[in-house]
Structure formats: structure tokens, C-alpha cells
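Student: I am new to this structure. Please take a close look at one chain for me, and then show me how the others compare.

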Amino acid sequence: MGLVLPLLIFLGVTFLAPLGTMLLRSVYDPVVADALPATLTALRGWDGEGLPPEAAYEAAAREIGAAREARTLGQVASRANRLQSGLRGVFTRTGRDLREVTEGPWREAMAAIDSAWVDPGTWHAVRAAGERFTARHYLNALDMQRLADGSVARQPEERRIYLPLLWRTLLVSLAITVFCLVLGYPIAHLIAHARPRRAGLLLALVLVPFWTSLLVRTTSWIVLLQTQGVINDLLVAIGLIGDDGRLSMVYNMTGTLVAMTHVLLPFMVLPLYSVMRSIPPLHMRAAASMGATPAQAFRRVYWPQTLPGVGAGSLLVFILAIGYYITPALVGGSSGQLISNMVAYHMQTSLNWGLAAALGALLLVGVLVLYLLYDRLVGVERMSLGS
Amino acid sequence: MRTDGAATASARASAYAALIAACFAGQAAAQSITAVSYGGSYQKASTEAWFEPFTAATGIRVEVEDFTGALAQIRAQVEVGNIHWDVVDLNTSDVMLACDEGLLEYIDAEMLPPGADGTPAAEDFVSGTLSDCGAGVVVWSTIYAFDASRFQGARPETVADFFDLERFPGRRGMRRVPMYNLEVALMADGVPAEEVYALLDTPEGLERAFRKLDTIKDHVVWWEAGAQPPQMLADGEVVMSTAYNGRIFNAQVLEDQPFEIVWDGQLLDINQLAIVAGTPRLEAAMRLVTFASTAEALAALGRRISYGPARASAAPLITTHLETGVEMGPHLPTHPSNMTGALWRDWAWWVDHQDELNERFSAWLAR
Amino acid sequence: MTGARVGRVGYLAFCTCVFIFLVAPIIVIVPLSFNAEPYFTFTEGMLRFDPEAWSLRWYREIVENEAWTRGLVNSLVIGVSATLLATALGTLAALGLSSPAMPARRFITGLLISPMVTPVIISAAGMFFFYTNLGLAQTHLGLILAHATLGLPFVVITVVATLSAFDRNLTRAAASLGAGPVRIFRTVQLPLIAPGVISGALFAFATSFDEVVVVLFMGGLEQRTIPRQMWAGIREQISPAILAVATFLVVFALALLLTVEWLRRRSSA
């Protein structure tokens with residue numbers, strides 16, 4: 001136990017604590033609550049009907065000005081904007097123009113800057129953004145929203161993004177798992193029952209891609225598949241397609257499927273191979289001698305014995321596929337993106353870190369369930385690394 | 001034997017420590033700031049025209065990092081309080097938006113040097129090129145270009161041709177942002193340049209722009225970095241692409257590419273240099289902004305890539321292209337022959353709408 | 001019998017195609033990296049083996065380009081440090097896990113291996129938040145810790161696998177002869193598990209040397225590694241210089257593979 005402790009502590013700091021921080025981010029956001037405390041207090045007495053009291057306007061005017069001075073207005077504005085599109089501009093404009101206003105009545109002053117301030121929806125959004133602990137990122141990640149009366153409803157059809165994407169990710173992962181199985185099963189069989197010397201050579205052909213940099217393999221597929229790429233050139237040269245009929249095989253779903261199947265195939269072949277190697281050829285010969293056709297012998301005798309390998313390989317490929325990011329990002333174009341790419345988008349582009357964390361948490365739970373299943377069926381300590 | 005092993009191990013360890021030390025020492029030895037630009041030929045031109053002369057003059061090293069123009073990374077740095085970019089090159093609406101959000105330091109126009117002819121800075125800068133947080137540098141434009149060798153018969157001439165899949169089949173390159181795409185969609189749909197923003201301000205106008213984009217969506221390859229369009233055209237990945245005019249110019253004169261620019265429907269814009277708020281290297285950053293926005297520095301840039309200067313007194317200094325001797329005038333976006341059907345970007349409108357439209361645009365892309 | 005023949009030929013043909021699918025993409029970039037033109041396909045000259053059409057210009061370009069050389073130094077510094085850390089901690093833990101007295105072995109093994117199956121985008125996002133709070137973002141140290149974490153499972157797996165083939169009576173015999181645990185480790189266990197430890201280390205190094213997402217989220221300009229530089233190149237401007245780097249990485253992968261296979265053979269012999 002003492003020997004494991006240093007690593008556990010290390011992982012606790014470098015891995016578990018980061019995951020915990022991410023989970024916390026998905027439900028906790030103090031920025032607005034810290035920047036507009038008096039405004040939020042004043043809003044507590046507001047019944048949500050009509051406009052809030054003058055006290056709320058006065059507090060908001062003062063605190064928006066202070067946030068501008070403290071340079072945190074942008075952060076407040078972007079959070080309000082996520083609840084109601086357009087509010088970022090309202091906040092920043094108000095911060096800029098309020099500098100010229102020195103006295104009340106504040107409701108009129110703020111309404112003069114932007115009419116959004118006399119729309120109750122704006123204040124609902126401010127109040128919601130001011131919650132320190134919130135479930136809205138999870139609602140958002142499930143294409144749901146909280147209505148002004150507090151009830152939860154699905155987003156309108158055209159704004160549902162994440163559930164369809166989650167669905168797409170599952171389907172794509174499943175398709176890739178099936179491709180890997182169909183391609184991997186025969187070659188695992190070939191390697192497992194070849195003479196040792198040849199088996200070593202063939203196994204090396206599987207391991208070369210396994211060890212080759214992922215970015216290199218992705219680059220190769222771009223080079224091969226692009227419109228002016230090697231495969232299209234070849235097809236044109238042998239006259240199968242015309243020069244103007246070149247196929248679009250990359251920067252779309254095709255690119256994602258092909259490249260990911262290539263990347264994940266070794267993870268299918270290796271567990272299959274190690275299971276198949278332990279099946280004595282005697283079994284098949286015995287079946288044949290008892291009059292079974294090769295197809296029957298395969299179905300009744302061989303296939304059932306390889307099921308543990310099929311399960312291990314498929315689960316591993318599926319687990320790796322649903323969290324894949326790099327390959328779809330580079331060869332997926334806009335139609336070949338998966339859920340991880342959306343996490344990256346919210347991390348890096350929209351900066352909606354709460355939503356990124358919520359999407360990440362959902363993905364993490366999915367992977368965790370599959371991982372536990374894998375452990376139950378295969379045992380994690382038997383995870384295969386090329387033997 | 002064992003002591004031998006230990007000796008090699010410790011020798012290895014100390015060699016390794018020295019290597020690490022060498023890596024970190026590089027940062028401490030000379031002062032260094034990070035400037036952010038757009039990669040490719042514009043970055044090369046800015047490095048030669050601004051950053052290298054600046055280092056020669058002041059001894060301050062400039063690390064150049066590339067980005068694609070998005071504010072996200074600046075927001076992220078300011079939000080987590082870990083600022084590693086100092087000087088950024090942004091378009092005007094981004095400067096104004098980021099300034100309001102508190103992402104940028106204020107830049108006092110009085111601190112900027114006078115023009116080449118002695119005109120005070122505030123008058124030398126063309127109107128619209130100075131703002132609270134930025135010092136204007138270049139006037140540039142988004143246009144679309146095509147590879148002339150791929151069009152035997154009719155060639156694209158108007159902005160509407162970009163959307164005409166029947167006469168000009170093939171894939172198009174477009175930047176993966178709503179800016180320019182919305183404007184160009186309306187202009188291609190027959191809206192005169194001067195009415196574009198009034199129409200975009202209405203829900204129907206926006207809807208119309210997206211509907212127009214729908215008509216070519218399946219044939220679009222989206223780009224993010226300015227260096228991509230010339231590459232995609234050269235590789236034959238697209239038959240025409242929207243692009244920054246200077247990138248196409250450089251491909252024409254430096255790489256002899258048979259590219260042609262369609263100026264009709266060009267969208268003019270101004271880029272400014274700005275400083276990320278809270279940078280610990282504020283003084284050096286300010287020196288770089290002052291240095292790069294002198295008339296001489298702007299002219300040095302304009303003789304390397306076809307972007308017009310933000311200062312009036314720099315214009316006469318931009319004569320010929322340094323490397324090839326090509327006359328620069330006709331290649332600048334503001335040359336009278338290029339201005340028919342041109343549109344200036346409405347910065348204020350974009351400041352108010354860009355977040356909302358970025359979101360709507362990515363949702364539209366994902367559908 | 002002809003039916004079985006046809007089946008056999010079909011099966012071999014299918015397998016050949018799959019092997020081509022696996023290896024061809026990796027092989028094809030090697031000749032293309034010697035293209036004299038800035039294109040990603042074989043020019044006519046290359047197919048005629050015209051010496052003019054082949055050149056080393058892209059190799060010259062990467063050697064002369066400071067971004068690539070600096071990337072290499074960063075990749076090596078981060079990769080080697082992360083590997084040392086991961087190997088030391090992972091080997092210790094594997095020894096602990098293999099001891100019969102280990103409580104909750106299954107759970108802890110699962111925990112130690114979890115960084116390998118957790119989608120790297122999630123680890124990277126979490127690390128970005130947490131390491132930034134600690135002031136470790138944009139530092140070499142932060143990336144070293146992160147990469148060590150991602151490489152650890154490989155060390156644990158390979159060393160546990162080696163230890164499971166290892167006769168525990170040897171340690172007992174050494175203990176009965178009066179050797180202390182440190183001495184037992186150094187003189188009995190280490191020589192026997194060394195091949196497993198080295199394979200694990202190579203896996204960990206390969207992981208770090210190929211990692212881009214964490215670098216993307218946490219690294220600054222000073223921490224640009226080779227994969228990060230390739231990422232920028234693929235996304236923004238594919239120049240054949242990338243193919244030259246890729247060729248170098250393929251050769252490097254082959255070297256790693258051969259070393260690991262050689263070690264495996266040695267330890268099983």
C-alpha cells in the first residue's frame with residue numbers, strides 16, 4: 001500500500017482535482033453574484049411581474065459602473081448574454097454611457113441607454129445569472145431551458161444542438177466499432193494462426209500505425225483523401241471518375257469515419273489476437289472431422305470462443321471513439337464533428353466554460369459506465385498494449 | 001561497476017538539468033513581449049516591417065504568435081488573470097467591443113508620434129482609425145478571388161456570381177464567421193451596399209441573408225486562418241474563395257499564381273494595434289504600438305503586402321512592392337478603380353451584434 | 001473443394017486489403033516529403049523518377065525553421081521529464097499492486113488506469129481550470145505533470161504485466177537470506193522487471209511526444225511542442241514541411257516499436 005500511495009497522491013493532485021474542478025465549474029459560477037450583490041438583493045423583493053423597483057436600477061447603475069472600472073464588466077456581460085442573447089451589448093453599452101449620468105431617476109437613465117432595461121426579461125436573466133449554484137448548464141447541455149415561471153421545458157426545435165450531437169456521436173462510435181470488428185477480425189485470425197515468423201511480421205504491420213503519431217496518421221489521410229489528393233488522382237488516372245467528378249472524402253463525415261477507423265483498428269486487433277492465439281487449432285479440426293462444414297465449425301466452435309476478445313476490443317474501441325477530439329477536428333469539416341469538439345468549442349471559442357464542463361461531465365459519466373462494464377467483463381489490468 | 005553506473009546517471013542528470021536551465025534562461029536574459037498576428041504573409045510582412053526593426057531599435061525581443069482574429073483567447077487570459085499576449089492586431093469592431101469589456105488598455109492618441117510631415121497624430125490618422133483602446137494600422141478588405149486557370153469561358157465578375165452555382169459550379173471557400181458572409185449574401189441577393197446594414201438590423205433581413213447562404217452551404221469549405229484561402233485555391237480544393245486582399249496579392253506577385261480578385265462587393269475594414277489589459281509588460285507593449293504606428297512603419301508594411309495605411313502621411317510613401325517592384329496603388333482596396341460596389345464595415349453594428357450572430361452562425365453551421 | 005479454395009483466396013485478399021489500409025497511409029507520406037513542388041500529391045516528374053522533381057527542400061526548411069527546432073527541444077524536455085516521473089511513480093505503484101497484501105486492488109488499479117480512458121479533452125479542460133489556479137498554466141512544469149499523468153497508466157500496465165510473470169519465491173528467498181526491501185528491489189526485482197519498466201517508459205514517452213490537446217489548452221508560445229506545431233500547420237496551412245516532420249516521426253515510431261519488441265522478446269525468453 002505504501003508503494004502505491006505516492007502515485008495516488010500524485011494522481012489526486014494532477015488528475016482527480018482537475019476533474020473535480022471541472023465538475024464544480026459545471027454547477028458553480030460566482031462572477032455575477034460577486035459583481036452585482038446589491039442589485040441581486042434588491043431583486044429579491046421583486047415579484048417578477050412588471051419592472052423591478054427603482055432601488056434595483058440604482059444598485060445596477062452603480063455596480064455596472066464599478067464593474068467597468070474593475071474591468072470585470074465583460075465577464076458579467078458575457079454571462080448575462082448566455083441567458084438572453086444581446087445582453088452583452090446592453091451591459092457594455094450601459095457601462096460606457098452611464099459614465100455621463102450622475103444622478104437618478106435611474107430607471108429613465110438606463111432605459112434611455114437601452115430599452116432592454118424596461119423589459120422584464122432582462123431582469124429575469126440578471127437574476128438567473130446571479131445564482132451562485134445553478135443547474136442551467138446541465139439543462140442547456142440537454143437542450144432544455146428554464147422558463148420565466150421556473151418550469152423546465154425543452155428548447156424549441158431549431159435550438160436543439162447537443163442531444164442530436166450526442167446521438168450522432170453514439171452512432172458514429174458504433175459504426176466505427178463495427179468497421180473495426182469487420183476489418184480486424186479476419187486479420188487477427190490470420191495473425192493468430194500463422195507460423196510464428198510470419199505472425200511476428202504481420203503483427204508488426206498492426207503495431208506500426210499503433211506507434212505512429214496520431215497527427216501523422218491524420219495528415220496522411222488528408223493527403224490521401226483530399227480533392228487533389230492521391231486517391232482522387234489515382235481514380236482520375238485510371239478513368240474511374242472524370243477530373244470534374246472528384247470525390248469529397250475529407251473535411252466531412254467520411255473523413256472522420258475513415259481516419260478514426262484507421263486510428264482505432266489496432267485496439268480491436270490486439271485483444272482479438274490474444275484471445276484467438278489461445279484457441280487450439282485442434283478444435284476446428286475436430287469439428288471438421290465430425291462432418292461440420294467450415295462455416296458451421298466457425299459459427300459453433302470458433303466464434304463463441306472469441307467472444308471475450310470481441311467484447312474487449314469493441315468496448316475499448318467504443319470508449320475511445322466517443323471521446324475522440326483530434327481526428328474529427330482536423331478531418332471532420334463541419335458535418336463530421338463529435339461531442340468532444342463541442343466541448344472544445346465552448347472551452348476555446350465561446351468561453352462558456354460552465355456549459356463545456358457540463359457537457360464534459362455528461363461525457364465523463366458515459367465513459368465511466370462503459371469503463372466499469374469493461375472492468376467487469378474483461379478486467380482493466382488485462383488491458384492489452386500490443387501483445 | 002556500480003559506481004560507474006551511478007556516475008553516468010548523475011552526469012546524465014546534470015546534463016539534463018543544464019538543458020532545462022538553458023530553456024528557461026532564454027526567457028530571462030532579454031526582455032521579450034508577445035505580439036499576436038494572423039500568420040502567413042501578413043505576419044511575415046508585419047515581422048519585417050515592425051517587429052524586427054523594433055527589436056533592432058530597442059533590444060526588446062518580439063515573439064510572434066498567430067491567431068485567427070477571435071477575441072476568445074484574450075477573454076480567457078483576462079478572465080483567469082494569466083496574460084501572456086501583449087500586443088494584438090484586431091479589427092476595429094473587436095477593439096471597440098474588447099475595450100468596452102475591459103479587455104484592453106486605453107491608448108492615448110497624444111502619445112502617438114506625429115506624421116511623416118509633422119502633422120499631429122490625432123489629425124494624421126484617417127478618421128475611424130483611432131479608438132479609446134487602439135491605434136490604427138491598416139485598411140484592408142475582404143474580397144473573393146478565383147483561380148483564372150480553372151475558368152475557360154465566362155469568369156466571375158460580380159458578387160452575385162459567387163452564389164451562382166449553375167454558371168460557376170465547384171466548391172467555395174468562406175471564412176467560418178458571420179462577418180462579411182452576411183453582408184455579401186445580401187449584396188449578392190441584390191441589396192445595394194448602402195442598404196445592407198439597415199436591412200441586417202431587421203429579423204427579416206437576417207433571415208434573408210441566412211437563406212441566401214443556405215443556397216451554397218453544401219458547397220462551402222470553411223476556412224479560419226488568412227493563409228488558407230490562397231492555399232486552398234492553389235491546391236484546387238475550391239474554385240473560388242473569400243480572402244483578405246493582401247494574401248491574394250502576395251500569391252499573385254510572389255508565387256505567380258493565376259488568381260484574380262473580384263472587387264465588387266468588397267468589405268473594407270480597419271485593423272488597429274491594441275494592448276491586452278493587465279499585461280505585466282505594459283511599457284514595452286506601448287513602445288511597440290508607438291513604433292509600429294509611425295508613418296514610416298506603416299509604409300514599410302504597405303510595400304510588402306497590399307494593405308493601405310491608417311495615416312494620411314504614410315500614403316505617399318507606399319510606392320512599389322519592395323520585392324518585385326510592382327506599383328502598389330491599383331492593388332490597394334481604397335484605389336478608386338476598386339471602390340465600385342464597396343462597403344465599409346459598420347463597426348458599431350457589429351459591436352452590438354457579433355456575439356449573438358456568432359452563436360446563431362455556429363448553430364446554423366451545425367445543422 | 002473449389003468453394004473452400006475461393007473462400008480461402010477471398011479471405012487472404014480481404015486481409016491483404018486491410019493490411020494495405022493500415023500501412024499504406026503511413027508509407028505514402030514518406031516519398032511525398034521529398035517533393036520538389038509545394039503539392040501533396042505525386043507530380044508527373046516524381047512518377048518518372050526525374051531527379052529534378054525530388055528534393056530535400058522541406059527537410060532544409062524544418063531544420064532552419066526556429067519554430068520546429070524549438071518545438072523539438074520542448075517536446076524532448078517535457079517528454080523526458082514526464083517519462084521519468086511517470087516511470088518512477090508507476091513502477092513503485094505496480095510493485096505495490098502486485099504484492100499479495102494489497103487491499104482494494106481492483107478499485108485502485110481501475111483508478112490508476114483511468115487517465116488512459118478518460119477522453120483527453122475532459123482531462124485537458126479540467127487541468128486548464130485547476131492548473132491555472134495554481135499558476136501552472138503556460139509553464140513547462142504544468143505540462144510535465146499533465147503528461148506524466150497521461151503516461152502513468154502505460155507504465156502501471158506494462159510493469160504489472162511483467163510482475164505477474166515473475167516468481168514471488170525469489171523475493172521471499174532473498175528476504176530469508178537477510179536482504180532488506182531496498183536491496184531486494186535493486187538486486188532481484190529490478191533486473192527482472194527492467195524490460196517491462198523500459199517498455200512502459202517508452203509508452204509514456206510516446207504518449208507525451210504525441211500529445212496535443214493538453215498543450216493546446218495549457219501551453220503558451222514558450223511551450224510549443226512538435227505536435228502543437230503540426231496541429232497549427234494542419235489547421236492553417238498545410239505545407240509539405242509537415243510531411244518531412246511526419247516522416248521523421250514515422251522513423252522515430254519504428255525505432256520505438258523495434259525497441260519494445262526486442263525488450264519483450266528478451267523478457268519472455
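Tutor: Take chain A. In this predicted model, chain A has a radius of gyration of 29 Å, whereas a compact globule of 387 residues would have one near 21 Å. The box tells you about its outline. Along the principal axes, the C-alpha atoms of chain A fill roughly 100 × 65 × 35 Å.

Next, look at the domains. The domain assignment splits chain A into domain 1 (31–135) and domain 2 (162–382). The C-alpha centres of domain 1 and domain 2 of chain A are 51 Å apart. Keep that distance in view as you turn the model.

What is chain A built from? Its secondary structure comes to 19 helices and two strands. Of its 387 residues, 48% are buried. Now count contacts in chain A between residues at least 6 apart in sequence. Of these, 68% join residues at least 24 apart.

Two helices of chain A deserve a closer look. Start with helix H10 of chain A, residues 162–192. H10 has 31 residues. From its first C-alpha to its last, H10 of chain A reaches 42 Å, close to the 45 Å expected at 1.5 Å a residue. Still, H10(A) has a kink of about 30 degrees at Gly184(A). The proline Pro186(A) comes shortly after that point.

Now go to helix H16 of chain A, residues 294–322. A straight helix of 29 residues would span 42 Å at 1.5 Å a residue, but H16 of chain A spans only 36 Å between its end C-alpha atoms. H16(A) has a kink too, of about 45 degrees, at Trp303(A). Again a proline follows shortly, here Pro304(A).

Between helices there is one residue to pick out. Tyr251(A) is in the loop between helix H13 (230–237) and helix H14 (253–277) of chain A. Its phi is near 65 degrees, a positive value, and Tyr251(A) is not a glycine. Is Tyr251(A) buried or exposed? Count the C-beta atoms around it. Tyr251(A) has 23 other C-beta atoms within 10 Å. The cut-off for buried is 20 or more, so Tyr251(A) is buried.

Chain A also touches a partner. Its contact with chain C takes 69 residues from chain A and 73 residues from chain C. Which element of chain A gives the most to that side? Helix H1 (residues 5–27) does, with 12 residues. The side of chain A that touches chain C divides into 48 nonpolar, 16 polar and five charged residues.

Cross over to chain C. Its secondary structure comes to 12 helices and zero strands. From the N terminus on, the elements run α-α-α-α-α-α-α-α-α-α-α-α. The radius of gyration of chain C is 23 Å, well over the 18 Å that the globule rule gives for 269 residues, so chain C is more spread out than a compact globule. Its C-alpha trace spans about 75 × 70 × 30 Å along the principal axes. Domain 1 (2–53) and domain 2 (66–237) make up the domain assignment of chain C, with C-alpha centres 36 Å apart. Buried residues come to 48% of the 269 in chain C. Of the contacts in chain C with a separation of 6 or more, 77% are between residues 24 or more positions apart.

Chain C has its own loop residue with a positive phi. Gln138(C) has a phi of about 55 degrees although it is not a glycine. Gln138(C) lies in the loop between helix H6 (120–133) and helix H7 (140–164) of chain C. With 19 C-beta neighbours inside 10 Å, Gln138(C) counts as partly exposed.

Last, chain B. Its secondary structure comes to 13 helices and 11 strands. For 367 residues, a compact globule would have a radius of gyration near 21 Å, and the 23 Å of chain B agrees. The C-alpha atoms of chain B fill a box of roughly 80 × 60 × 45 Å along the principal axes. Of its 367 residues, 49% count as buried.

Back to where you began. For chain A, set the 29 Å radius of gyration against the globule value near 21 Å, then find the domain centres 51 Å apart.

Note on methods:
Residues numbered from 1 in each chain as written. Chains lettered and ligands numbered in written order. Predicted model: local features only at pLDDT ≥ 70, side-chain atom pairs only at ≥ 80, totals over all residues. Contact = placed C-beta atoms within 7 Å. Helix = DSSP H or I, 4+ residues; strand = E, 2+ residues; numbered from the N terminus. Nonpolar A, V, L, I, M, F, W, Y, C, P; charged D, E, K, R; others polar. Domains from an automatic or database assignment. Rg over C-alpha atoms; globule rule 2.2 N^0.38 Å. Buried ≥ 20, exposed ≤ 12 C-beta atoms within 10 Å, placed from the backbone. Expected span 1.5 Å × (residues − 1). Bend = angle between axes of the 7 residues up to and from the residue.
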